[in-house]
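The following report walks through selected local features of one structure and the surroundings of its ligands. Please read it alongside the sequence and the coordinates.

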Amino acid sequence: MTDEREPVADGNLILILGDQLSRNIPSLTDADPSRDILLMAEVMEEASYVRHHKKKIAFVFSAMRHFAQELEAGGWRLRYVRLDDPGNSGSLTGEIDRLRAQHPLTRVVVTEPGEYRLKSALLDWAEQAGAELDLRQDSRFLCSHQRFRRWAEGRKQLRMEYFYRDMRRETGLLMDGGQPEGGKWNFDHENRKPAGGGLFLPRPLQTTPDSITEEVLDLVDARFGGHFGTLRPFWFAVTRDAALEALECFVEEALPDFGDYQDAMLEGERFLYHSVLSQYINAGLLEPLEVCRRVERAYFEGRAPLNAAEGFIRQIIGWREYMRGIYWLNMPGYTDQNFLEAARPLPEFYWTGETGMACLAAAISQTRDDAYAHHIQRLMVTGNFSLLAGVDPFQVHEWYLAVYADAYEWVEAPNVIGMSQFADGGLLGSKPYAASGNYINKMSDHCAGCRYDVKRKTGADACPFNPLYWDFLARNAQKLRENPRLRHVYRTWDRMTAERQNEYLDTARKVLARHFGE
Ligand SMILES: Cc1cc2nc3c(=O)[nH]c(=O)nc-3n(C[C@H](O)[C@H](O)[C@H](O)COP(=O)(O)OP(=O)(O)OC[C@H]3O[C@@H](n4cnc5c(N)ncnc54)[C@H](O)[C@@H]3O)c2cc1C
Ligand code: SF4
């Protein structure tokens with residue numbers, strides 16, 4: 001796929017990154033097919049800065065190759081560098097240098113990378129090379145960095161709910177004149193039903209790999225065999241058309257129940273009513289606004305209730321945009337925060353799924369198989385355990401960045417460092433998402449098949465989340481006691497007898513000794 005035609009002078013080199021697979025990206029809108037050369041490159045540096053899940057690497061490389069094919073068919077002059085191409089320098093800046101050595105191109109044009117790391121590398125390269133770099137704001141997001149900064153300025157607390165309302169007003173999504181459709185901004189209190197047996201459970205669209213994907217799967221097998229995760233069967237969509245089909249499948253089959261069962265978990269059911277669209281949106285195959293408009297239309301056509309449509313749209317124009325805003329407002333340095341001074345290493349079972357805790361085993365084994373877990377599994381199972389156990393948040397961050405097909409630092413880090421591990425001290429969330437086994441039991445059926453007893457609070461058979469919950473609160477009392485949303489919990493702790501408190505702490509010590517060899 002390399003283009004070795006006559007050298008081009010005076011055109012632009014347009015670098016298209018692996019998560020910018022859209023014809024609408026700003027670096028392409030004013031490009032000139034007769035003078036500009038597009039560059040796409042599979043490089044080791046990007047594929048291995050954490051040990052990404054094999055399915056994630058295969059998804060990105062295959063989607064890149066399919067997008068490159070579309071661009072070439074559209075008449076673009078494209079240099080596509082495969083991972084195994086002779087001479088592949090291993091880095092994006094190395095590939096820019098190689099192309100510039102052959103063609104005296106004037107400027108390098110790139111839509112701003114999502115990750116701080118890559119943006120810095122490009123800026124450093126341009127300075128050293130004395131090259132003109134045209135970094136363009138990524139128009140796929142609804143809220144620019146400047147807009148978010150303005151919103152955040154002067155606010156004591158940055159709360160997603162108020163940001164979300166502004167985004168609703170700006171986009172007009174689910175608005176009735178100046179008022180929210182249905183008279184309320186948020187229908188979350190209707191969205192906490194546990195899932196029981198007997199429900200119809202849809203499946204996300206699963207595609208069959210074509211020859212391009214098969215070739216990528218062989219490559220990933222050969223070059224990334226030691227990375228986490230199961231490679232086959234591989235079922236992700238890798239083209240925009242197939243991602244649009246996956247969107248339709250979600251809207252038709254799962255959206256109506258998305259709201260009601262958003263927080264539920266069921267043994268053996270990996271997706272429930274979730275969309276499984278984040279990897280497509282984050283890579284550019286789907287646009288966030290088009291996805292929201294499609295869901296809004298389903299509501300207005302009477303095909304989905306308001307609590308489902310509002311809940312879904314809030315995740316995208318609310319949480320997704322807000323997370324990106326928080327990331328760029330606080331980088332560099334956001335990922336190094338450790339407000340609770342948690343220092344334990346990530347337990348080995350996060351890589352193997354080998355644990356007697358049924359909820360964790362389920363979340364981790366599906367992560368290994370599908371590079372996917374839904375929000376409540378990420379937050380209230382794997383995230384909750386590492387928070388309660390006091391695992392170093394940077395190690396937790398690196399795990400999440402590696403294991404999910406949708407993981408890019410701009411969205412993963414605020415979710416992990418901020419929302420899940422409270423390592424930013426409450427910048428993002430008003431209290432830590434810490435919960436005992438009771439929450440997991442209420443929202444799932446995992447406990448019925450677990451070797452631990454969720455009703456037991458202390459002793460060898462007690463659900464480990466129970467003693468760890470109190471140990472977490474006791475350990476961090478100095479930092480959390482005054483949090484208004486935790487005062488009642490500390491009152492409960494204070495009312496316990498010293499003997500009861502010691503039973504909790506003693507069981508927690510044994511749980512920690514078991515998992516961390518202390
Ligand atoms: C600890 C932790 C780590 C996470 N890491 C990532 C990550 O690396 N990449 C990622 O895209 N999301 C991440 N999330 C957010 C969320 O869990 C995923 O977006 C979601 O599970 C993707 O599955 P889905 O497409 O089926 O989502 P659905 O439940 O169907 O939600 C619809 C869409 O809303 C968006 N969304 C929902 N929640 C969030 C959120 N909290 N932040 C940003 N977007 C959201 C996604 O685009 C998603 O596709 C993380 C959440 C937690 C708690
Ligand atoms: S008993 Fe505890 S560890 Fe077991 S599944 Fe329930 S919450 Fe998870």
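Valine 276 lies in the loop between α10 (255–258) and α11, and in this predicted model its phi is near 50 degrees, a positive value in a residue other than glycine. Most residues other than glycine have a negative phi, and most peptide bonds are trans. With a relative accessibility of 4%, valine 276 counts as buried, because buried means under 20% relative accessible area. Val276 is also among the closest residues to ligand 1, together with His274, Ser275, Asn282 and Tyr372.

A second residue of this kind is alanine 371, which is not a glycine and yet has a positive phi of about 55 degrees. Alanine 371 is found in the loop between α15 and α16, and at 2% relative accessibility it counts as buried.

**Surroundings of ligand 1**

How many residues surround ligand 1? The shell holds 28 residues, which divide by class into 15 nonpolar, nine polar and four charged. Three side chains place a polar atom at a short listed distance from an oxygen atom of the ligand, as the table sets out for histidine 274, tyrosine 372 and histidine 375.

| Side chain (N or O atom) | Partner | Distance |
|---|---|---|
| Histidine 274 | oxygen atom of ligand 1 | 2.7 Å |
| Tyrosine 372 | oxygen atom of ligand 1 | 2.7 Å |
| Histidine 375 | oxygen atom of ligand 1 | 3.0 Å |

Taken alone, ligand 1 exposes 810 Å², and the protein buries 99% of that area. The space that ligand 1 takes up is the largest cavity. Two or more residues of the shell around ligand 1 come from each of the elements α11 (278–283), α13 (306–330), α16 (375–389) and α18 (409–420). Which element gives the most to this shell? That element is α13, with six residues.

**Surroundings of ligand 2**

The residues around ligand 2 include Met357, Ala358 and Cys359, as well as Gly437 and Ile440, and further along the chain His446, Cys447, Cys450, Tyr452, Val454, Cys463 and Phe465. Two elements, α15 (358–370) and α19 (437–443), give two or more residues to the shell around ligand 2. By class, the shell around ligand 2 has ten nonpolar and two polar residues, with no charged residue.

**Cis peptide bonds**

The peptide bond from arginine 232 to proline 233 is cis, with omega near 0 degrees, and proline 233 is found in the loop between α8 (211–223) and α9 (240–253). Another cis peptide bond joins methionine 331 and proline 332, where omega is about 0 degrees; proline 332 lies in the loop between α13 and α14 (349–352).

Methionine 331 also takes part in a contact between distant stretches of sequence, for its C-alpha atom and that of tyrosine 116 are separated by 7.0 Å, although the two residues are 215 residues apart along the chain. Tyrosine 116 is found in helix α5 (residues 116–129), and at 26% relative accessibility it counts as partly exposed, because that value falls between the cut-offs of 20% for buried and 50% for exposed.

**Further buried residues**

Histidine 397 is found in helix α17 (residues 393–403) and is buried, with a relative accessible area of 2%. Where a partner for its side chain is concerned, a polar contact of 2.9 Å joins histidine 397 and glutamate 412.

Threonine 507 lies in helix α23 (residues 498–516), and this residue is likewise buried, with a relative accessible area of 8%. A polar atom of the threonine 507 side chain lies 3.2 Å from the backbone nitrogen of glycine 459.

Is phenylalanine 422, in the loop between α18 and α19, buried or exposed? At 3% relative accessibility, phenylalanine 422 counts as buried. Phenylalanine 422 and leucine 17 are 405 residues apart in sequence, and from C-alpha to C-alpha they are 31 Å apart in space.

Notes
Residues numbered from 1 in each chain as written. Chains lettered and ligands numbered in written order. Predicted model: local features only at pLDDT ≥ 70, side-chain atom pairs only at ≥ 80, totals over all residues. Heavy atoms only, no water. Near = heavy atom within 4 Å. Polar contact = N/O pair within 3.5 Å; in protein donor to acceptor, adjacent residues only side chain to side chain. Areas by Shrake-Rupley, 256 points an atom, 1.4 Å probe, with all protein chains shown as cover. 1 Å grid on protein atoms, 1.4 Å probe; cavity = no way out; pocket = protein on both sides within 12 Å on 5 of 7 lines; lining within 4 Å. Sits in = over half its atoms within 2 Å of the grid points. Helix = DSSP H or I, 4+ residues; strand = E, 2+ residues; numbered from the N terminus. Nonpolar A, V, L, I, M, F, W, Y, C, P; charged D, E, K, R; others polar. Buried < 20%, exposed > 50% of the residue type's maximum accessible area, 1.4 Å probe, protein only.
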